[in-house]
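Visitor: I would like to learn how to read a model like this one. Could you take me through it?

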Amino acid sequence: MTQAFRLGTLGGLVVACGVLMWACGTLKTPTVPEPTPDPRPIASSSPNPNPTTTPILGAPAKPSPSPDPNATPTPDPSASPTPNPADAAGCGSPLPPPLSSINVKIHQRGGSGWILDSTPLVGPDATYCAKIGFTDGRSVCPVRMEGDPQRSACELYVTGRAHDTGRNGPTWSVDGMSCTGQPICDNSPDNQYQVIAYKGGTYSACGNKNDVCGSVQVDR
């Protein structure tokens, strides 16, 4: 009887353990849900210290300013000015190239004032010089041959009008001083290309369109 009881007890334990193992196998480990990310952007911990020079990441680029189409261009001081077409009315064809130099010489000595004379020269352009009659191959020449009726108009075309008198011809000075009369110098009353020198010094005649000058030393 005791042995049968033991066998029954042992069998019950075996059955109980099997039931327990089956139950444990069916249990599922609970799943922990992952956190949902926050869709809102994370604010910067420190503001941009210099918003004018260091752009904030993610900020739209500042558009470059468009040029003002109505702005007045700054003139280039090195560019040669374009002669006024009105000054070329009496010059005809071919029009001379720009003024390149002015030949200044002592035209007449003696008396209280010496007469100085100036001649505008253009070039270098050998083709132009040949067209107006200089057949010696020169590339720098007067605007027209001596005695040509167009010469005065062509000289005005390249030289312009004097700053002080407003007449056709160069602006005269001596040692940097304007010719305003005795005891220095005076513009000729009949010809702006000439000046009356009352004292010695370096006399200059300058064109008024591109500031080309010529000079001569007067010893009195």
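Guide: We will go from a sheet to a single residue and then to the core. Keep in mind that the model is predicted.

Visitor: What is the order of the strands in the open sheet of four strands?

Guide: Start with the order, then look for the edges. Here the order reads S4-S3-S7-S8, and the pairing is antiparallel. Strand S4 (177–178) and strand S8 (213–218) are the edge strands, each pairing on one side only.

Visitor: How many bridges join S7 and S8?

Guide: Six bridges join S8 to strand S7 (residues 201–206), in the antiparallel sense. For the register, take Thr202: Gln217 in S8 stands opposite.

Visitor: Now a single residue. Does Thr171 count as buried or exposed?

Guide: Compare its accessibility with the cut-off. Buried means under 20% relative accessible area. Thr171 has 15% relative accessibility, so Thr171 counts as buried. Thr171 lies in strand S3 (residues 171–174).

Visitor: What does the side chain of Thr171 reach?

Guide: The backbone nitrogen of His163, at 2.9 Å. Beyond four places in sequence, Thr171 also touches other residues, among them Asp164, Ser204 and Asn208.

Visitor: Which residues have the most contacts inside the largest nonpolar core?

Guide: First the general idea. In soluble globular proteins, nonpolar side chains tend to be buried together. In this model, the largest nonpolar core has 29 residues. Those with the most contacts inside it are Leu116, Cys141, Trp172, Cys185, Val195 and Tyr203. Elements giving two or more residues to this core include helix H2 (126–131), S3 and S7. Cys141 is in contact with residues over four places away in sequence, including Pro120, Tyr128 and Phe134.

Technical notes
Residues numbered from 1 in each chain as written. Predicted model: local features only at pLDDT ≥ 70, side-chain atom pairs only at ≥ 80, totals over all residues. Heavy atoms only, no water. Pairing = 2+ DSSP bridges. Buried < 20%, exposed > 50% of the residue type's maximum accessible area, 1.4 Å probe, protein only. Polar contact = N/O pair within 3.5 Å; in protein donor to acceptor, adjacent residues only side chain to side chain. Contact = heavy atoms within 4.5 Å. Core = buried A, V, L, I, M, F, W, Y, C linked by side-chain atoms within 4.5 Å.
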